Amino acid sequence: MSKQTNEITILSAKAATGVDNTLLVSDYETITVSFATANSGSMTVKCAGSLSETSPTWTSAQSVSNMYDFIQMVDLNDGSTLDGDTGVVLTGTDDFRQFEINVNGLKWLTFRVTAWAAGNVTVKATGFKQD
């Protein structure tokens, strides 16, 4: 049987580049997220994960002392995958989606707005682990 966490907000009506919250995900195998934009979203949003002991500085360049990478997501609507380096790209049309993220082996997870021109994005997450 699978156990789940309470829903946690990672991005809350984020209307700029950057991150809001980081999740400690080492106890979970998968994370399911609800993704919603408003006000004619025009932005790129990527999921990022890290194995590092301490949470990286997500908005700084990746380096030997700041190790993280962008993570693939699976769209729960049709099972298609989004490459981590591409993320969700919006060009003036709002979107409402649900994704599954394999965090097996990761320690930290966040969502980062890497390009922004208009609108805002909210991402809420729930973690799942086996008993």
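Here are some worked exercises on the strands, cores, ring pairs and salt bridges of this predicted model.

## Exercise 1: Strand S4 and its partners

**Task.** Find which strands pair with S4 and in which sense, antiparallel or parallel.

**Solution.**

*Step 1.* Begin with S10, which is antiparallel to S4 and joined to S4 by 18 bridges. In this pairing Ala-115 of S10 is the residue opposite Thr-44.

*Step 2.* Move on to S9. Here 7 bridges are found, and the strands S4 and S9 again run antiparallel. Look for Val-33, which faces Phe-99 in S9.

*Step 3.* Now take S8, which meets S4 through 4 bridges in the antiparallel sense. Val-45 sits opposite Val-88 of S8, and Thr-44 sits opposite Val-89 of S8.

*Step 4.* Finish with S5, an antiparallel partner joined to S4 by 2 bridges. Ala-48 is the residue opposite Phe-70 in S5.

## Exercise 2: The two faces of strand S8

**Task.** Sort the residues of S8 (residues 88–91) by face, covered or uncovered, and then describe the surroundings of Leu-90.

**Solution.**

*Step 1.* Recall the general pattern: side chains in a regular strand alternate between the two faces of the sheet.

*Step 2.* Apply the sorting to S8. Val-88 and Leu-90 make up the covered face, while Val-89 and Thr-91 make up the uncovered one.

*Step 3.* Check Leu-90 by its accessibility. The relative value is 7%, so Leu-90 counts as buried, the limit being under 20%.

*Step 4.* List what surrounds it. Leaving aside residues up to four places away in sequence, Leu-90 touches Phe-35, Thr-37, Gly-41, Ser-42, Met-43 and Asp-95. For a distance along the backbone, try Ser-40: its C-alpha atom is 8.6 Å from that of Leu-90, with the two positions 50 residues apart along the chain.

## Exercise 3: The nonpolar cores

**Task.** Locate the largest nonpolar core, and say which strands supply at least two residues each.

**Solution.**

*Step 1.* As background, nonpolar side chains tend to be buried together in soluble globular proteins.

*Step 2.* The largest nonpolar core here holds 26 residues, and Ile-31, Ile-101 and Phe-111 have the most contacts inside it. Strands S2 (8–14), S4, S8, S9 and S10 each contribute at least two of its residues.

*Step 3.* Use Phe-111 as a viewpoint. Beyond residues up to four places away in sequence, its contacts include Ile-10, Leu-11, Val-33, Val-45, Met-73, Ile-101 and Val-123.

*Step 4.* Another core, of 5 residues, lies apart from the largest one; Ala-48, Tyr-68, Phe-70 and Trp-108 are among its members.

## Exercise 4: Aromatic pairs

**Task.** How many aromatic pairs are there, and what is the geometry of the pair Phe-35 and Phe-99?

**Solution.**

*Step 1.* The count is 3 aromatic pairs.

*Step 2.* For Phe-35 and Phe-99, the ring centres are 6.0 Å apart and the planes make an angle of 80 degrees. Angles over 60 degrees count as edge-to-face, so this pair gets that label.

*Step 3.* Place the rings in the fold. Phe-35 belongs to strand S4 and Phe-99 to strand S9, so the pair ties together parts 64 residues apart in sequence. Both Phe-35 and Phe-99 are buried.

*Step 4.* Turn to Tyr-68 and Phe-70, also an edge-to-face pair, with 5.9 Å between centres and 85 degrees between planes. Both of these residues are buried as well.

*Step 5.* Widen the view: Trp-58, Tyr-68 and Phe-70 are linked into a cluster by ring pairs. Over the face of Phe-70 lies Lys-46, 4.8 Å from the ring centre.

## Exercise 5: Salt bridges

**Task.** How many salt bridges are there, and which residues form a network?

**Solution.**

*Step 1.* The total is 4 salt bridges.

*Step 2.* Lys-107 and Glu-53 form one of them, at 3.0 Å from N to O. Lys-107 is in the loop between S9 and S10, and Glu-53 is in the loop between S4 and S5, 54 residues apart. Glu-53 is exposed, at 63% relative accessible area.

*Step 3.* Asp-20 and Lys-14 form another, with closest N and O atoms 3.1 Å apart. Asp-20 is partly exposed at 35%, whereas Lys-14 is buried at 13%.

*Step 4.* Arg-97 and Asp-95 meet with their closest N and O atoms at 3.4 Å. The network consists of Asp-75, Asp-95 and Arg-97.

How values were computed
Residues are numbered from 1 along each chain as its sequence is written. This is a predicted model: local features need pLDDT of at least 70, side-chain atom pairs count only at pLDDT 80 or more; totals for chains, interfaces and linings use all residues. Side-chain values use heavy atoms; hydrogens and water are left out. A salt bridge is a side-chain nitrogen of Lys or Arg within 4 Å of a carboxyl oxygen of Asp or Glu. Buried means under 20% relative accessible area, exposed over 50%, partly exposed in between (1.4 Å probe, protein chains only). Rings of Phe, Tyr and Trp (its six-membered ring) pair if their centres lie within 6.5 Å; planes under 30 degrees apart count as stacked, over 60 as edge-to-face and the rest as tilted. A charge sits over a ring if NZ of Lys or CZ of Arg is within 6 Å of the ring centre and within 35 degrees of the ring normal. Two strands pair if DSSP finds at least two bridges between them. A nonpolar core is a set of buried Ala, Val, Leu, Ile, Met, Phe, Trp, Tyr and Cys residues joined through side-chain atoms within 4.5 Å. Contact means heavy atoms within 4.5 Å.
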